[in-house]
Amino acid sequence: MVETLSCDSDELRTLFLFEKFTDEQLRWLCRHGHVERHEPGYVLREGEPATCLYVLLDGTIALSRRVGGDEVETTRTDQRGAYSGAWAAFLENEATRTYNASMRAVTTVRLFTLSAGDFTLLIRKWFPMALHLLEGLFYGTQRNQRAIGERERLLALGSLSAGLTHELNNPAAAAVRATSLLRERVAGMRRKLALIAGGAWDRRQLETLIGLQERAVEQVAKTPELSPMEAADREDELSDWFEHRGISGAFELAPNFVQAGVDVGWLDQVAALVDDGMLEGAIRWLDYTLETELLMDEIEDSTGRISTLVTAAKQYSQMDRAPHQILDVHELLDSTLVMLSRKIGDVRVVKEYDRTLPDIPVYGAELNQVWTNLIDNALQAMGGEGTLTIRTGRAEDTVEIEVADTGPGIPDDVVGRIFEPFFTTKPVGEGTGLGLDISWRIVVNKHHGDLSVRSVPGDTRFRVRLPIRDSADES
């Protein structure tokens, strides 16, 4: 229930907002405004047309913002002169035409009420210079935030591009090297085949050799994992085996056979199948076969790695996809981890994924920017060592994603400010202070979710909650 009361200019003079006003200005306020008494309940709601400025005369009010489907209280005060409502109406900006927060009377309150039009007239008529200063500050800050935000995104993209280039270069170089060696080995096999064809090998021996070749290829596919020490010991064993049978170049032959998983027992089977005079020729033919198979495996692994990186880059950028999609958050997280793999380095990554989570409606490319900011901050906090943990789960009607690190933590005196624009704890030149602000706006404003942090030394956790249903479907 709302009750309209008379306005007392002497009472307005006691408020810090109006204490410097002249008697005439105070009388003007009372002529154009009025006092309202509100019982506990909502006075105005976020998103409604911003029609009035409200100034607290007595009582307690609470301000709140919508986060997903919840009302999150941001301020509770009984300070006389506290104001809310159409306080920025004089800017005549699209964003100021609706209330940006809800106001609720916690107790019975009295509010001085002035229409948005009269408040705009007051500011423009009585404070023309202040108006220009405020407009310049408001719009200048918006432009600066946009410019620096774009710079932040470009810096992140540049860093990711450099890492991706490095990651692509390694398998590409390996594939080029393996292709060059493969060409040499195939040429050697052709020459060896010519020698065999012109030699004393009969059909039975050639069939035996071809059979050994097939078995050698199968052996490569079953190659066991050996430690460096185990591989060195096996190379010594094979070298001794070759030398004992008079096969030259034993130390050059041994590494390929060991890499292919061949041991002395396998070579004994080869020796039992061919005549002594043919053994060295058979061994060298098998060496060509094994090396070409290993090189082809290397090319396959390298090109597969390149394909994985390109796929991850497309997933990360959401290239060729609509901005708003129903997506699996795990795919987005994995693509970000791949893109940041160079920065991750020796940091241990633990993924605790709840694979039963449903796909959710998101702006994929922008969420990847959130993951990038959170993971990059975690990596910097840990300084190249520690454990990065990515957890997913369900919390009521939201999907919850947690990025945790084992760094030193965020000091208590700054943890409440980390989502503020331009606030950073990094040294000058290493951060713009907009990474977490951008992440907040993407999660809270664009996805109607929630972004929070909890930090103690050795355990810092950034928690993102995203609605499972599109907010547009909830009306």
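The following dialogue discusses how to read several features of a predicted model.

Student: Let us begin with the strands. In what order do the five strands of the open sheet stand?

Tutor: The model is predicted, and its open sheet has the order β11-β13-β14-β16-β15, with mixed pairing. From one strand to the next, the twist averages 15°.

Student: Which strands stand at the edges of this sheet?

Tutor: They are β11, residues 348–352, and β15, residues 450–456. Each has a single partner strand, so one side of each is left without a neighbour in the sheet.

Student: How many bridges pair β14 with β16, and in what sense do the two strands run?

Tutor: Strand β14 covers residues 398–405 and strand β16 covers residues 459–467; eight bridges pair them in the antiparallel sense. To find one such bridge in the model, look at Ala404, whose partner in β16 is Arg461.

Student: Which helix lies across β15 and β16?

Tutor: That is helix α14, formed by residues 435–446, and it runs at about 135° to β15.

Student: I should now like to read the charged side chains. What can side chains of opposite charge do?

Tutor: In general, they can pair when their charged atoms come close. In this structure there are 19 salt bridges. One of them joins Arg110 to Asp58, with the closest N and O atoms 2.8 Å apart.

Student: Where in the chain do Arg110 and Asp58 lie?

Tutor: Arg110 is in strand β9, residues 109–115, and Asp58 is in strand β4, residues 52–58. The pair links distant parts of the chain, 52 residues apart.

Student: Is Arg110 buried or exposed?

Tutor: A residue is called buried when its relative accessible area is under 20%. Arg110 has 17% relative accessibility, and therefore counts as buried. Asp58, at 30%, counts as partly exposed.

Student: Which salt bridges link β14 to β16 through Arg463?

Tutor: There are two to examine, with Glu400 and with Glu402 as the partners of Arg463. The side chains of Arg463 and Glu400 meet at 3.7 Å, N to O. Arg463 belongs to β16 and Glu400 to β14, and 63 residues separate them in the chain. The side chains of Glu402 and Arg463 meet at 2.7 Å, N to O. Glu402 is likewise in β14, and it is 61 residues from Arg463.

Student: How accessible are Arg463, Glu400 and Glu402?

Tutor: Arg463 is partly exposed, with a relative accessible area of 28%. Glu400 is buried at 18%, and Glu402 is buried at 4%. Salt bridges that share partners also join these residues into one network, in which the other members are Glu352, Arg391, Arg454, Asp459, Arg461 and Arg465.

Student: Let us turn to the aromatic rings. What describes a pair of them?

Tutor: A pair of aromatic rings is described by the distance of the centres and the angle of the planes. This structure holds four aromatic pairs. In one of them, the ring centres of Phe18 and Phe112 are 6.0 Å apart and the planes stand at 80°, so the pair is edge-to-face.

Student: Which parts of the chain does the pair of Phe18 and Phe112 tie together?

Tutor: Phe18 lies in the loop between α1 (9–13) and α2 (23–32), while Phe112 lies in strand β9, so the pair ties together parts that are 94 residues apart in sequence. Phe18 is buried at 8% relative accessibility, and Phe112 is buried at 1%. Ring pairs also link Phe18, Phe21 and Phe112 into a cluster.

Student: Over which rings do the charged ends of Arg45 and Lys446 sit?

Tutor: The charged end of Arg45 sits over the ring of Tyr42, 3.8 Å from its centre. The charged end of Lys446 sits over the ring of Tyr363, 4.5 Å from its centre.

Student: Strand β9 has appeared more than once. Why is β9 described as largely enclosed by the rest of the structure?

Tutor: The reason is that six of its seven residues are buried.

Student: How many bridges join β2 and β4 to β9?

Tutor: Strand β2, residues 34–38, is joined to β9 by five bridges, and the two run antiparallel. Here His34 has Thr113 as its bridge partner in β9. Strand β4 is joined to β9 by six bridges, again antiparallel. In that pairing, Cys52 stands opposite Ser115 in β9.

Definitions and conventions
Residues numbered from 1 in each chain as written. Predicted model: local features only at pLDDT ≥ 70, side-chain atom pairs only at ≥ 80, totals over all residues. Heavy atoms only, no water. Pairing = 2+ DSSP bridges. Helix = DSSP H or I, 4+ residues; strand = E, 2+ residues; numbered from the N terminus. Axes fitted to C-alpha atoms, helices over the stretch in contact; angles between N-to-C directions. Contact = heavy atoms within 4.5 Å. Salt bridge = Lys/Arg side-chain N within 4 Å of Asp/Glu carboxyl O. Buried < 20%, exposed > 50% of the residue type's maximum accessible area, 1.4 Å probe, protein only. Phe/Tyr/Trp six-rings, centres within 6.5 Å; stacked < 30°, edge-to-face > 60°. Lys NZ or Arg CZ within 6 Å of the ring centre and 35° of its normal.
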